[in-house]
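Hi everyone, thanks for coming. I'd like to walk you through one structure today, so let's put it up on the screen.

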Amino acid sequence: MSSDVLYEDSLHCPHPERVLKGVVYDAAHEPLPGVTVRVLNTSWATVTDLEGRFELRGLWPKGATIEFRCMGMRRQTVTYAGQPEMHVRLEDETRSMGTVEVSAKANINEIDLRARSGVVQSIDMRRIESKPMIDMGLALQGSVPGLVVVNTGELGAEPKIRIRGNSSLRKGNLTNEPLYVLDGKVIAAETFYNLNPTDIQDIKVLKDAAACALYGVKAANGVLEITSKRGSSGETTVSYSVDMGVTTRGRRGIRMMDSSEKLELERLLQNPETPGYRYSADFYHKYYADAPNLEELIAEGQSVLDSLSGIHTDWYKKLLRNNLYQKHHVSIRGGSDRTTYFASAHYTAQGGRIPGNDKQRMGIRLNLDQRLGRAGYLLLGMNGGYSRTNTPNGSSSDPASLIYELNPYEQTTGKLYSYPGRTFQDLLQEYSAKASEKDAGVSASLTLNPLPGLDIAAVGGLDFLLHESEQFIPSTAYSETHGGIPEVERGIYSKAKNVTLNLSGNVRITYNHVFAGRHDLTLGANTDYYQTQLDQVGMTGYGVGTINSAAAINQSLQGNRQPKVSGLKDKTAQIGLGAVAGYTFDSTYDMYATCKWDASSVLPADKRWNSAWAVGAGWTPTAYDFLDGNPVLTHLKLKASYGYTANLNGVSAAATVATFAYSANVYEDQRLLELITLYNKDLKPEQTKSVDAGISLELWDRLTLDVNWYNRRTEQALLDVPIPASTGFTNLQRNIGILQNRGIEVGLSARLVDTPEWMVRIGVNMAYNRNKVIDLYYADKIYSSDQALVPDYEIGKSYDMLYGSISLGINPFTGYPVFWSEKNGEKQATEVLEKEDLVALGHLTPPYTGSINMSMSYKSFDLDMDFYYVHGGVQAFKYTYVRDKDDVQKNAVAGQTANMWFRPGDENKIYATPFNTSGIAENNMLLPNSLTVGRSDYLRLSMLSLRYRLPARFLRKYLPFVQYANVALRGSNLFTWTTYRESDPESGTLAGTLQPVYSVNVNLTF
């Protein structure tokens, strides 16, 4: 519990010492940290801790007024009647009829109207803070239904974040990721990834058109609204938090052969480049049958095999290491009734699984809030950050993938049969690389209240991001020394610098008035401006030898190794006009409408203006008199909305108007100007139409159920389609079809126990998203080329459908797979597979995602646990670890010897013959089939936290300068349960899997 804040001027008060304990909640019954709890007209005060708990000690009489105050929440007072406990719920700050109460928010688009009929859900930041992770994006996994976060690889790789699936046929983050807004300013995705969760007060997820339309065409993929922590009136508090822990290797996945089995497989496959055959009796009998010393050769070979069999290198443990994790955060918070402030600094470092690889991040933040008398508020915010990812040991083969290639009888020193002519150091030291990101931002928000009910608000912001990367390949690298490159040209140095600048401005006028105590009317209008500037420069030079510097580039080289410099400057801008209206009758019926017109510079002048609009309605039956105060049905709300949004995400000006750039080619002494890409003057923005309906139900003030159904339809979907090469280009972006995302989201939470000593809460959420191509304007299927067997898109199928053949197993007579075709029946692998022989095998993106969470508190102990799950997806097995005669020099999957076909009559085998003699069969086996894909379902223990609050009496006695102290054991991504046979069912790669992190946390408030 907390200690109190004592003041000398109250020590002589005649009243007995009081002790008041309690918890402060928000409207959603979530604990509120940082609330100032004060006895009015005295100096007795304290601040709630991370769990919203407080303990106030002092000398005050019965009948005293206890005040609860928090920035952004409505001030509340409670009369003290001698009770030992007090639980208080604070509401969002709103305007009360007959008073002038200004509601100030850094993001002026964050208005309550949206939630009356739209889908706006808040992320529990307390749980996000409990995850020891360096990446903000990955920490959001499972936080709310419909927000899907996918890990894509090793430490430092950008995650894939989607709200209700991909909204476009075009793939990639640029096209499908949501809009990120921090304190009213638009920020880059990389800036968001590097945010510190401890500095964030709230993240709202905007999912439907009714919630997103205020942002216009930028918000077609949804919005993440981030609000940073602000100051609070009262005494200054200083907080320090430290995490120290370890990261571990993660899931092993495929188990590879040990030495004995591997040597036996080599003998059976009879590749003389492998020791298992080269030193076997079979080899000597075949090639040295007439040698007089045959028995001696066999004995010598057996001696070599015995020596190799005695080596048992586990490359999973050898190549992947446990590493360290640490995080430090310090903040200062306080202020007066007029001015408040919040300042913080943090440093986080997480070691990677590969030795030497790591990521570090540090940042600072300062927020100042000034009340302008009765006129309004001025809010200022500044932030800066720096992150760095090091890769001192780089390899053209992913070091993690070497686990599946190096043999168990090989070591870090000596000969490598898996990579002839190379050493272990050659593999791991092919290059070194590092990347860094520097970000800075500033925002200012002004809210004025010139007349009762009238707000004039403006916000402006700047987000600056500098990404720098370097890569160095020394002249001693194997690729340089064995690539036929002259010595004077060896060694490569490359560097890139990318600058992204986002400028945001928004002015909003809002009028609100309540007529006759029953009619609540809100009208508003706004204009906004957004600009993005890109400045990219890259260079690559050769002949640097072993000097890791651009100064060592050999400027005299010509041909393929001539120094290369590239650059790109791009500026896009968007201006918008919007209007919003809302009406609530008797707190029961809600109506909402908003429209936005945006002009974008990426479109030709005659097509520049596009719109976004939405209408919605809500109904709250529990506001009726006969249900008001009902002890069972404590809340019931139904809402629905429909909206339209044009989508320009991922569209560049070069796709719509003729845009030229200087070419690397020259004609005599003249540089050539060439089209960047073939433009489409008829290109239209994608048109997203969405229908949403939801119900929110609360029973006994303890059980809450939220259900939302949606249907999002993207018409005029864009795609880069192949065109004849005779045009000089290979692709053209055009409107190609209709894509649909339809689904349901369910959230259930319950407070099973809620007493002064015990608290038990559980929550379950589930999201189902069915993605389907409704129409393709010019064909039933789209193929990347005339030779392609597998369609990229097909009407009636998911946009990310995995295609392949139906396998009947391995033919015991030929050793090749047998396939089944609806048209042609049984088909041998030696027969050419045609387009009609392939079918859809499943969804690469699982349609079901969700989480299960539990929180339990007993006195000073808190236990939090989160599980994340996905269901319904498939991934194709890589099978690169299944060896045939030509690549058996590398390690193979355990059990291959027993499960591979070797001779006619072998039945019930999993792996086809290793002696390929048919090019057709080899090509057919490269395609996925029903036996070479696996379900990618998994359940992950994503967070576990056990926290202990040091007693206030202990702190007063031994640490009187500390108000609160928590000690916690925390972990993230601790274990994954799955039937998927390969390494990572999430990323579908052999190497990339989330690292488990275990840490000890200490949190102190002074």
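Let me start with a question: is Trp-700 buried, partly exposed or exposed? With a relative accessible area of 49%, Trp-700 counts as partly exposed, because buried means under 20% relative accessible area, exposed means over 50%, and partly exposed is in between, using a 1.4 Å probe and protein chains only. We'll come back to that tryptophan in a minute.

Some housekeeping. This is a predicted model, where local features need pLDDT of at least 70 and side-chain atom pairs count only at pLDDT 80 or more, while totals for chains, interfaces and linings use all residues. Residues are numbered from 1 along each chain as its sequence is written, and side-chain values use heavy atoms, with hydrogens and water left out.

So how does the confidence look? pLDDT is the predictor's confidence in each residue, from 0 to 100. The protein chain has a mean of 87, and 95% of its residues reach 70 or more. Residues 1–13 stay under 50, and the model gives them 40 contacts beyond four places in sequence; contact here means heavy atoms within 4.5 Å. Another stretch, residues 94–102, is also below 50, with 21 contacts beyond near neighbours in sequence. Where pLDDT is low, the predicted coordinates should not be read in detail.

Now the sheets. When I say helix or strand, I mean DSSP runs numbered from the N terminus: H or I with at least four residues for helices, E with at least two for strands. Two strands pair if DSSP finds at least two bridges between them.

Look at the open sheet of three strands, in the order β4-β1-β7, with mixed pairing. Its edges are β4 (53–59) and β7 (85–89), each pairing on one side only. On average, neighbouring strands here are turned by 25° against each other, direction ignored; axes are lines fitted to C-alpha atoms, for helices over the stretch in contact, and angles run from 0 to 180 degrees between N-to-C directions. Strand β1, residues 17–25, runs antiparallel to β4 over seven bridges, and Lys-21 has Glu-55 in β4 as its bridge partner.

There's also an open sheet of four strands, ordered β3-β2-β5-β6, with antiparallel pairing. β3 (45–47) and β6 (76–79) each have a single partner strand, so one side of each is left without a neighbour in the sheet. The average turn between neighbouring strands is 20° in this one, again ignoring direction. β5, residues 65–69, and β6 share four bridges in the antiparallel sense, with Glu-67 partnered by Thr-77 in β6.

While we're on that sheet, check the loop between β2 (36–39) and β3, where you'll find Asn-41. Asn-41 has a positive phi of about 65° although it is not a glycine. At 83% relative accessibility, this asparagine counts as exposed.

Back to our tryptophan. Trp-700 sits in the turn of a hairpin made by β30 and β31, with three residues between the strands, and has a positive phi of about 55°. β30 (residues 686–699) and β31 (residues 703–722) pair antiparallel over 13 bridges, and Ile-695 has Val-707 in β31 as its bridge partner. β30 also pairs antiparallel with β27, residues 633–647, over 14 bridges. In that pairing, Ala-640 stands opposite Ala-693.

Another hairpin to find is the one of β22 and β23: three residues lie between the strands, and Ala-516 takes a positive phi near 55°. β22 (residues 492–515) and β23 (residues 519–542) run antiparallel, joined by 24 bridges, and Leu-503 stands opposite Gln-531 in β23. β23 pairs with β24, residues 564–585, over 22 bridges, also antiparallel. There, Thr-527 has Leu-577 in β24 as its partner.

Next, a pair of helices. The axes of α7 (residues 259–269) and α10 (residues 294–309) come within 9 Å and cross at roughly 140°. That makes α7 oblique to α10, because angles under 35 degrees count as roughly parallel, over 145 as roughly antiparallel, 65 to 115 as roughly perpendicular and the rest as oblique. Ser-259, Ser-260 and Leu-263 in α7 meet Leu-305, Leu-308 and Ser-309 in α10.

Last stop: Ser-942, in strand β45, residues 938–949. At 3% relative accessibility, this serine counts as buried. Leaving aside residues up to four places away in sequence, Ser-942 touches several residues, including Lys-131, Asp-866 and Asn-973.
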